Amino acid sequence: SAMSSSRGHRRRVAATLACVLVHPAMSTFVVLETGEPQCFSVEQPHDTELTVKYVIPALEKSSEAMDRFKAVKVTLADRRREDVVFTRTLADHQGEIELSTTSDSVHHLCFDKVAENNRPLRVDFELAVGFSDRYYDELATEHKMDKLEVEVVKLNDELAEILSEADYMKEKEVKFHTKAERINLAAIWWPIIQLFILIVTALFSVKNLKSYFSAKNLY
């Protein structure tokens, strides 16, 4: 069914985007139904630049009137702040979007079909970490840089991303280690507390039994 197909795409894309920290770019597609946005988790350090390149095949040969009914809204939400930090409506056949994370928490990248018809709409997209090629082209034009200088800037940006990601993973490891220590401490004290409760319960039970037998003159 359409619903099971949509869920299948959601699972597949979510699994793919989970690898963003390992691979510099991931390509996949989603099939959108009206009123059923698909959101995927993006986990990156604070202030990480992201580039989304998209293609909407249905808009390639559509008329201008049809384009208005086949737009897709893209949003990026910060889960910690519970706030939408980026939103844009797409009405072109293809293009790219530049956005960035606003904290170290998980962000949700969502695609929503804002159309009035009931036809599914496919969106092919590639999510990449880093600035887009257009950004470096504009930078070269503005500062009159040659190709070698642009490549040096790219390498510096990539190095900064690697260092930022390394710090991010180090912080996550520290948090995980702290949580594991708390769990281990709880695992040590919980049996002791249980044993203490059992001993106290047994003492009260024995005391109550002695009081009962004494009151009944059973011994």
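Start with the whole protein chain in cartoon view: there are 4 helices and 8 strands to find. Helices (H or I, at least four residues) and strands (E, at least two) are DSSP runs, numbered from the N terminus. Following the sequence, you will meet them in the pattern α-β-β-β-α-β-β-β-β-β-α-α. The model is a predicted one, where local features need pLDDT of at least 70 and side-chain atom pairs count only at pLDDT 80 or more, while totals for chains, interfaces and linings use all residues. Residues are numbered from 1 along each chain as its sequence is written, and side-chain values use heavy atoms, with hydrogens and water left out.

**Stop 1: strand S2**

Select residues 38-42, which form strand S2. Which residues are on its covered face, and which on its uncovered one? Gln-38, Phe-40 and Val-42 make up the covered face, and Cys-39 and Ser-41 the uncovered one. In a regular strand, side chains alternate between the two faces of the sheet.

Now add strand S7, residues 107-113. S2 and S7 pair in the antiparallel sense over 5 bridges; two strands count as paired if DSSP finds at least two bridges between them. Click on Phe-40 and look across to S7, where its bridge partner is Leu-109.

**Stop 2: the disulfide**

Show Cys-39 and Cys-110 as sticks. These two form a disulfide, with their sulfur atoms 2.0 Å apart (the cut-off is a pair of cysteine sulfur atoms within 2.5 Å). Cys-39 lies in S2 and Cys-110 in S7, so the pair ties together parts that are 71 residues apart in sequence. The link is right-handed, with 115 degrees about the S-S bond.

Are these cysteines buried or exposed? Buried means under 20% relative accessible area, exposed over 50%, and partly exposed in between (1.4 Å probe, protein chains only). Cys-39 counts as partly exposed because its relative accessibility is 36%, whereas Cys-110, at 12%, counts as buried.

**Stop 3: the nonpolar core**

Next, select Ile-56, Ile-97, Leu-99, Leu-109, Phe-111, Val-123 and Phe-125. Of the 22 residues in the largest nonpolar core, these touch the most other members. Such a core is a set of buried Ala, Val, Leu, Ile, Met, Phe, Trp, Tyr and Cys residues joined through side-chain atoms within 4.5 Å. Strand S8 (121-129) is one of the elements that give two or more residues to this core, and S8 gives the most, with 4 residues.

Finish by zooming in on Ile-97. Leaving aside its neighbours within four places in sequence, Ile-97 is in contact (heavy atoms within 4.5 Å) with residues including Leu-50, Val-52, Val-74 and Phe-86.
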